[in-house]
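Me: Please take a close look at one part of this structure, the way in which strands are arranged in it, and explain it to a reader who has not seen it before. A connected account would be welcome.

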Amino acid sequence: MCAAHRAAHRLGALAAAGFQAGQSVLITGATSSIGLLGVQIAKALGAGQVIATTGSSAKGTLLREAGADSVVVTGEQDLTQAVLEATDGNGVDIALDHVGGQTFAACLLATRADGAVVAIGRLDQAASTIGLDALSYRHLRICGVSFGFSRAAKLGAVLAAAGHGPLPAVAGRRVRAPIDTRESFKTAARVVTRLRSHQAHGKIILTAP
Ligand SMILES: NC(=O)c1ccc[n+]([C@@H]2O[C@H](COP(=O)([O-])OP(=O)(O)OC[C@H]3O[C@@H](n4cnc5c(N)ncnc54)[C@H](OP(=O)(O)O)[C@@H]3O)[C@@H](O)[C@H]2O)c1
């Protein structure tokens, strides 16, 4: 999937949540390929505040360079608490969740009243136990997106809308896929190990002879 295609995908997730410029956005699993584009697209579309999560403190710089206003290291900080502290106790307007499991449940508690939580990825788990009190008392909206399962008409609308915001940002290189390393195809096994151990800071490009 190219950067422009993924950028349109991120726009679809923000659109599903009813995103408007100036709103605050939480992005979990933000160092993932689509998470990093989510951070950049949210900022390019005028997000007032982007809070990004990672499990690796070493990736804080990567997230800040992508445009995150603050970074939550999930192994060291409580996600809900950290987001509430960063938003004057209110929570974010929109949470884009790429992790699933109990991170998804924490997103509900970190989202302000009338906000929206979008289920995008399941880097951790596809199952989650959520607190219905958080959902009900805060009048939250939950929605899911899956680009591969989008109906043609919906996909067309997202791609058409992408021409007004994300695609110019991709063309202007304000949105791009960060590159970790460029390697020879012969090193593919080592590259897979680097990816599986979460060491990569962005994409790894394999060049064929
Ligand atoms: N809805 C859709 O249309 C759509 C489209 C594309 C992908 N997805 C889904 O979105 C997710 C991200 O995909 P991707 O290809 O962009 O991922 P990726 O680039 O492979 O993401 C790797 C990073 O994810 C984080 N991670 C890995 N396992 C984790 C876990 N158990 N808990 C929390 N974080 C974890 C690690 O970052 P840290 O070291 O920073 O913690 C790791 O470096 C996947 O679940 C994928 O299936 C959904």
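Reply: A116 stands opposite R141, a residue of β6. The model is a predicted one, in which local features need pLDDT of at least 70 and side-chain atom pairs count only at pLDDT 80 or more, while totals for chains, interfaces and linings use all residues. Residues are numbered from 1 along each chain as its sequence is written, and side-chain values use heavy atoms, with hydrogens and water left out.

Strand β5, residues 111-119, pairs with β6 in the parallel sense, over four bridges. (Strands are DSSP runs of E with at least two residues, helices are runs of H or I with at least four, and both are numbered from the N terminus; two strands pair if DSSP finds at least two bridges between them.) This pair belongs to an open sheet of six strands, whose order is β3-β2-β1-β4-β5-β6 and whose pairing is parallel. The edges are occupied by β3 (70-73) and β6; each has a single partner strand, so one side of each is left without a neighbour in the sheet. On average, and with direction ignored, neighbouring strands are turned by 20° against each other. (Axes are lines fitted to C-alpha atoms, for helices over the stretch in contact, and angles run from 0 to 180 degrees between N-to-C directions.)

Two helices may be described together with this sheet. Helix α2, residues 33-44, lies across β1 (24-27) and β2, and runs at about 170° to β2. Helix α5 packs on the sheet as well, where it touches β1, β4 (92-97), β5 and β6; the direction of α5 makes about 155° with that of β5. (Contact means heavy atoms within 4.5 Å.)

Parts of the sheet also take part in pockets. (A pocket is an open set of points on a 1 Å grid over the protein atoms alone, where a 1.4 Å probe fits, with protein on both sides within 12 Å along at least five of seven lines; lining residues have an atom within 4 Å of a point.) The edge strand β6 (141-144), α1 (3-16) and α7 (152-162) each supply at least two residues of the lining of the second largest pocket. That lining has 16 residues, and G144, V145, S146, S150 and K154 lie nearest the centre of the pocket. Helix α1 gives five residues, the largest share of this lining.

For the largest pocket, strand β2 (49-54), helix α5 (101-109), helix α9 (188-196) and strand β8 (203-207) each provide at least two lining residues. Domain 1 (3-171) and domain 2 (178-209) both contribute to the lining, so the largest pocket lies between them. (Domain bounds come from an automatic or database domain assignment.)
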